[in-house]
Amino acid sequence: MDFLGATLNNAMGEGFNLTEEINKAWEELDLPTWDKLAEHGSGSWENLQEFIGAVDWNEPWLLGLAIFYATLLITIFWTRKMFNVQTALWILILGLVGAAQYINEVAMAHWELFAAKPYFTKNGFFVSVIFSFPLLLLAVVITINFLVMSCEMMAKLKAAQLREKHKDQRKKAN
């Protein structure tokens with residue numbers, strides 16, 4: 001037996017087994033298993049259905065928010081070749097997401113002015129789902145467009161480099 005094993009046995013007693021102790025500690029942590037995750041997943045789907053059913057989607061402010069998202073999406077596609085406009089939209093969207101906590105606080109204090117139900121809570125779940133998540137999806141669309149524009153620019157640059165190289169080769173050949 002090595003020195004560490006002998007020291008542990010002396011300190012903990014002859015029946016001490018480090019592997020068994022680690023396994024016991026791991027089981028006591030009660031980490032989720034795949035079965036528990038599957039059970040939780042089905043509950044999450046039910047929770048999502050309850051959430052969708054609890055919201056009155058015909059409220060004017062929610063319809064206005066949906067129109068805002070649709071307008072923003074159309075603007076993103078309409079300006080997809082305009083890098084500066086896309087950058088401004090991206091910054092605006094991420095700024096709105098960053099302000100979601102403050103928007104939630106104001107909405108929580110004044111919900112009676114525009115909503116039929118008090119959707120806004122301290123944890124900000126409603127604002128995250130209804131406000132921030134769609135905006136983040138739009139930011140992802142813009143980010144993908146940035147990648148497409150970068151690839152197109154690199155292809156144009158490489159084509160120009162090849163034309164220049166071919167032109168130089170023809171000059172040297174003549």
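Q: Helices (H or I, at least four residues) and strands (E, at least two) are DSSP runs, numbered from the N terminus. Which helix does Ser132 lie in?
A: This is a predicted model, where local features need pLDDT of at least 70 and side-chain atom pairs count only at pLDDT 80 or more, while totals for chains, interfaces and linings use all residues. Residues are numbered from 1 along each chain as its sequence is written, and side-chain values use heavy atoms, with hydrogens and water left out. Ser132 is found in helix H7.

Q: How many helices are there in the protein?
A: Walk along from the N terminus and the elements go α-α-α-α-α-α-α. There are 0 strands, and the helices come to 7.

Q: Is Ser132 buried or exposed?
A: Buried means under 20% relative accessible area, exposed over 50%, and partly exposed in between (1.4 Å probe, protein chains only). Ser132 touches Val97, Ala100 and Val127, leaving aside residues up to four places away in sequence (contact means heavy atoms within 4.5 Å). Its relative accessibility is 9%, so Ser132 counts as buried.

Q: How big is the kink at Ser132 in H7?
A: The bend at a residue is the angle between axes fitted to the seven residues ending there and the seven starting there. The kink sits shortly before the proline Pro134, and it is about 35°.

Q: How far apart are the end C-alpha atoms of helix H7?
A: The expected span of a helix is 1.5 Å times one less than its number of residues. Helix H7 (residues 125–173) has 49 residues, so it should span 72 Å. The model agrees with that, as the end C-alpha atoms are apart by 69 Å.

Q: Which residue meets Glu152 in a salt bridge?
A: A salt bridge is a side-chain nitrogen of Lys or Arg within 4 Å of a carboxyl oxygen of Asp or Glu, and the structure holds 1. Here one partner, Glu152, lies in helix H7 and the other lies in the loop between helix H4 (60–78) and helix H5 (83–98), so the pair ties together parts 71 residues apart in sequence. Glu152 is partly exposed at 32%, and its partner is exposed at 59%. The side chains meet at 3.3 Å, N to O, and that partner is Lys81.

Q: What is the area of the nonpolar surface patch that includes Ile52?
A: Patches take residues with over 30% relative accessible area and no salt bridge, joining like charges within 9 Å and nonpolar side chains (Val, Leu, Ile, Met, Phe, Trp, Tyr) within 5 Å. Ile52 lies in helix H3 (residues 34–54) and is partly exposed at 44%. Areas come from the Shrake-Rupley method with a 1.4 Å probe; for residues, only the protein chains shown count as cover. Together with Trp45, Leu48 and Trp57, Ile52 makes a patch of about 410 Å².
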